[in-house]
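Student: I have a new structure to look at, and I would like to learn how to read it. Could you take me through some features, one by one?

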Amino acid sequence: MTDRKTVVKVDHVSKFFRLPTEETRSLRTALVNRFKGIKGYKEQHVLRDINFEVKEGDFFGIVGRNGSGKSTLLKIISQIYVPEQGTVTVDGKLVSFIELGVGFNPELTGRENVYMNGAMLGFTTEQIDAMYDDIVDFAELREFMNQKLKNYSSGMQVRLAFSVAIKAQGDILILDEVLAVGDEAFQRKCNDYFLERKNSGKTTILVTHDMGAVKKYCNRAVLVENGLVKAYGDPFDVANQYSVDNTAAESTLTETEVIQKEAMQHVVTDLTVKLLSPEQLTPAEPISFEVSYEVKEEIATYIAISLTDIDRHIWIYNDNSMDKMQIGKGKKVVTYTCHLSQLNDANMHLEVTVRDAQGQLLAYSSAENTHTLIMKRQDIAADDQSALDSASGLYQRNGQWLFGKSDN
């Protein structure tokens with residue numbers, strides 16, 4: 001068997017960021033601090049001596065918990081960041097889908113954005129001409145390509161950006177957290193595309209929290225933890241190590257920490273989550289629920305919520321923002337509403353926790369308070385114009401499709 005060439009080589013890469021520890025408004029103060037050996041900043045080391053190779057034709061997975069350094073690593077590979085130490089060598093044209101909408105202009109049409117984004121990726125006009133039909137057909141937006149991007153729904157923008165990334169004829173494709181957007185048919189099309197790409201010999205680098213996707217698509221993977229490579233090689237071994245680490249992280253409390261945790265949890269009792277929305281809803285409908293709980297001491301508390309995709313085992317939505325802080329003891333009642341208009345065809349767990357002002361967990365929703373929600377697009381008959389207007393904001397006037405509110 002002929003050895004495949006290395007197309008991405010990450011060689012002893014380290015990266016740190018300088019975080020300011022004090023605010024200096026004068027040159028004199030800065031010079032005095034410098035002579036005293038006071039830097040005015042601290043170094044946050046994100047990556048430490050990272051080594052791995054991606055061979056031509058690999059479907060390569062990069063996994064790790066939030067804050068492990070995955071996104072920083074991708075930006076170094078994509079030449080957005082420069083490492084403090086080490087080198088990254090890329091052999092071939094690289095196309096990155098790291099942040100949604102980067103390089104897109106809302107004032108330009110869909111067609112103009114495809115050409116502009118293609119130019120930013122290094123393709124000539126002739127090359128984009130050759131790719132254009134594939135991009136538009138995959139996004140299923142042909143009749144909207146002369147509309148300005150600002151009139152697209154958020155889901156349409158995601159589909160266009162995603163289609164530009166995967167249909168651009170690059171040698172190496174980088175995907176950071178493939179989003180659960182679009183209807184079921186579009187998601188099946190993406191799944192078929194990944195399987196086709198896996199078998200085509202094209203190189204793909206996928207960053208994900210979905211261990212099912214790692215096992216399904218990848219032939220090699222790397223696990224990054226605290227800026228270091230913890231596991232590298234077989235995707236099943238890497239994915240299983242990631243799952244074991246996450247399970248262990250939840251069960252490695254000391255005896256003292258367990259006692260403290262149990263004591264803190266008695267401060268909040270009678271946590272109840274009442275769903276105000278239907279259990280099955282469409283992306284156009286808000287998710288709403290009421291949380292009530294009893295506080296036994298004079299402390300500040302707030303609720304943190306998360307929606308987890310049951311099938312993919314990843315967070316779809318979470319809020320730990322302390323926006324609804326409750327002061328003092330007694331019964332607390334909080335109503336929470338959120339919108340997930342970009343999401344289609346998802347089964348979700350709703351989980352709620354109560355925390356103090358320092359973020360310490362005080363109570364969490366029990367099995368009877370952990371609700372399951374089904375988000376599913378409602379099929380609308382083509383001749384039902386009023387339903388089409390209310391569901392998508394899309395209507396027809398003088399033979400043209402427009403976005404907004406119909407005058408009728």
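## Reading burial, strands and contacts

Tutor: Let's start with a single residue: Gly-69 is buried, because its relative accessibility is 6% and the cut-off for buried is under 20%. Keep in mind that this is a predicted model.

Student: Where in the chain does Gly-69 lie?

Tutor: Look at the elements on either side of a residue. Gly-69 sits in the loop that runs between β3 (59-63) and α2 (70-77).

Student: Which residues is Gly-69 in contact with, leaving aside its neighbours within four places in sequence?

Tutor: Those contacts are with Val-46 and Leu-47. You can also set sequence beside space: Lys-15 and Gly-69 are 54 residues apart in sequence, while their C-alpha atoms are 9.3 Å apart.

Student: What share of the contacts in the chain join residues at least 24 apart?

Tutor: Counting contacts between residues at least 6 apart in sequence, the share is 68%.

Student: How many helices and strands does the protein chain have?

Tutor: There are ten helices and 21 strands. Of the chain's 408 residues, 43% are buried.

Student: Let's try a strand. How many residues of β6 are buried?

Tutor: For a strand, go residue by residue and see which way each one points. Strand β6 covers residues 172-176, and five of its five residues are buried. Ile-172, Ile-174 and Asp-176 point one way, Leu-173 and Leu-175 point the other way, and all of them are buried.

Student: Do the partners of β6 run parallel or antiparallel, and how many bridges join β6 to β7?

Tutor: Take the partners one at a time. Five bridges join β6 and β7, and the two run parallel; within that pairing, Asp-176 has Val-207 as its bridge partner. Strand β5 (residues 94-97) also pairs with β6 in the parallel sense, over four bridges, and there Leu-94 stands opposite Ile-172.

Student: Now for a residue in β7. Is Thr-203 buried or exposed?

Tutor: Thr-203 belongs to strand β7, residues 203-207. It is buried, since its relative accessible area is 2%, against a cut-off of under 20%.

Student: Which backbone atom lies 2.9 Å from a polar atom of the Thr-203 side chain?

Tutor: That is the backbone nitrogen of Gly-57. Gly-57 also appears among the contacts of Thr-203 beyond four places in sequence, which include Val-54, Asp-58 and Arg-197. Two residues of β6 are on that list as well, Ile-172 and Leu-173.

Definitions and conventions: Residues are numbered from 1 along each chain as its sequence is written. This is a predicted model: local features need pLDDT of at least 70, side-chain atom pairs count only at pLDDT 80 or more; totals for chains, interfaces and linings use all residues. Side-chain values use heavy atoms; hydrogens and water are left out. Buried means under 20% relative accessible area, exposed over 50%, partly exposed in between (1.4 Å probe, protein chains only). A polar contact is a pair of N or O atoms within 3.5 Å; within protein, one must be able to donate a hydrogen and the other to accept it, and residues adjacent in sequence count only if both atoms are side-chain atoms. Contact means heavy atoms within 4.5 Å. Two strands pair if DSSP finds at least two bridges between them.
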